[in-house]
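Biologist: Please put the model on screen. I would like to go through its metal sites, and then some of its helices and strands.

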Amino acid sequence: MEVTYYGHACFAVKVGKTNLLFDPFITPNELAKHIKVNELACNYVFISHGHEDHLADAENILKRTNSTIVSNYEIATWFAAKGIKKYHPMNFGGQWNFDFGSIKYVKAEHSSVLPDGTYGGNPGGFIVKTKTGNFYYAGDTALHYDMKLIGEYEKIDFAVLPIGDNFTMGIDDAIRASDFINCNKIIGVHYDTFPYIKINKAEAIKKFADAGKELILLNIGDHVKM
Ligand code: NI
Ligand code: MN
């Protein structure tokens with residue numbers, strides 16, 4: 001699997017020939033001005049919850065690439081009402097087999113309202129299981145004890161966790177989350193985009209290393225094989 005970071009909580013994972021894109025927020029992100037949104041290859045767009053900083057570019061990308069949106073019922077049908085033909089609604093605890101692998105939509109402790117004020121359903125995360133490996137994207141979330149179940153369901157090869165604090169887990173809770181899910185390879189997201197979530201990157205990496213874990217902080221536009 002190849003992971004590319006597009007800033008904030010947006011990243012893509014290439015599984016075989018399939019491009020999975022998570023929480024696209026690129027155009028409004030000052031730190032991601034060099035990313036060419038109109039050239040991103042995409043087959044599926046996953047939306048963790050309804051906040052603007054997770055879906056700003058979703059409609060355009062979905063329409064340009066004719067991708068399928070996968071999200072909770074409320075968000076998936078909100079996009080369907082905007083003319084998105086290919087949408088897959090889910091809810092907590094549900095799993096579905098797609099052509100690239102399976103998705104389980106799991107709980108996040110956060111909030112979720114869509115940009116126009118529409119109820120955004122429950123905020124969630126995704127456990128992605130493929131032939132080449134498994135990963136967990138937590139979405140925006142606090143640390144919560146149910147994360148222990150995730151480590152029991154599947155072997156997680158890497159996890160994408162928010163680390164910016166204030167709106168989500170910070171670094172110390174993300175380290176504890178990685179214990180809960182039994183995964184020591186973490187890609188950090190949801191930091192530095194806004195003043196409230198600025199972090200000291202060197203200190204974050206050191207804290208993870210001191211706990212025997214690897215924190216990967218990618219430059220925006222960079223990719224890494226996982
Ligand atoms: Ni949020
Ligand atoms: Mn957010």
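The questions below take the metal sites before the helices and strands.

Biologist: What kind of model is this, and how are residues, chains and ligands numbered?
Modeller: This is a predicted model, in which local features need pLDDT of at least 70, side-chain atom pairs count only at pLDDT 80 or more, and totals for chains, interfaces and linings use all residues. Side-chain values use heavy atoms, without hydrogens and water, residues are numbered from 1 along each chain as its sequence is written, and chains are lettered from A and ligands numbered from 1 in the order in which they are written.

Biologist: Which residues coordinate the nickel ion (ligand 1)?
Modeller: Donors are N, O and S atoms within 2.8 Å of the metal (3.2 Å for Na, K and Ca); water is not among the atoms, so sites may look incomplete. Along the chain, the donors of the nickel ion (ligand 1) have the spacing H-x1-H-x58-H-x29-D. At 2.2 to 2.4 Å, the nickel ion (ligand 1) is coordinated by His-49 (NE2), His-51 (ND1), His-110 (NE2) and Asp-140 (OD).

Biologist: Which geometry is assigned to the site of the nickel ion (ligand 1)?
Modeller: Four donors count as tetrahedral if all angles lie between 85 and 135 degrees; four count as square planar and six as octahedral if opposite donors are over 155 degrees apart and all others between 65 and 115; anything else is irregular. The angles among the four donor atoms of the nickel ion (ligand 1) are 88 to 176°, and its site is irregular.

Biologist: Which residue coordinates both the nickel ion (ligand 1) and the manganese ion (ligand 2)?
Modeller: The manganese ion (ligand 2) has as protein donors Asp-53 (OD), His-54 (NE2), Asp-140 (OD) and His-190 (NE2), at 2.1 to 2.2 Å. Their spacing along the chain is D-H-x85-D-x49-H. The two ions are 3.1 Å apart, and the residue that coordinates both is Asp-140.

Biologist: How many residues apart in sequence are the parts that Asp-53 and Asp-140 tie together?
Modeller: Among the donors of the manganese ion (ligand 2) are Asp-53 and Asp-140. Helices (H or I, at least four residues) and strands (E, at least two) are DSSP runs, numbered from the N terminus. Asp-53 is in the loop between β4 and α1 and Asp-140 in the loop between β10 and α3, so the parts tied together are 87 residues apart.

Biologist: Is Asp-140 buried or exposed?
Modeller: Buried means under 20% relative accessible area, exposed over 50%, and partly exposed in between (1.4 Å probe, protein chains only). His-110, at 24% relative accessibility, counts as partly exposed. At 2% relative accessibility, Asp-140 counts as buried.

Biologist: Which backbone nitrogen does the side chain of Ser-112 reach?
Modeller: A polar contact is a pair of N or O atoms within 3.5 Å; within protein, one must be able to donate a hydrogen and the other to accept it, and residues adjacent in sequence count only if both atoms are side-chain atoms. Ser-112 is found in the loop between β8 and β9 and is buried, with a relative accessible area of 10%. A polar atom of its side chain lies 2.8 Å from the backbone oxygen of Gly-120. At 3.0 Å, the side chain of Ser-112 reaches the backbone nitrogen of Gly-50.

Biologist: Within what arc do the buried residues of α1 fall?
Modeller: In α1 (residues 58-65), the buried residues are Ala-58, Ile-61, Leu-62 and Thr-65. They line one face of the helix, because seen down the axis of α1 they fall within an arc (that of the directions from the helix axis to the C-beta atoms) of 100°.

Biologist: Which residues of β11 point the other way from Phe-158, Val-160 and Pro-162?
Modeller: In a regular strand the side chains alternate between the two faces of the sheet. β11 is mostly covered, with five of its five residues buried. Phe-158, Val-160 and Pro-162 point one way, and the other way point Ala-159 and Leu-161.

Biologist: What is the bridge partner of Trp-96 in β8?
Modeller: Two strands pair if DSSP finds at least two bridges between them. β7 (residues 95-98) and β8 run antiparallel, joined by four bridges, and form a hairpin with two residues between them. In β8, the partner of Trp-96 is Ile-103.
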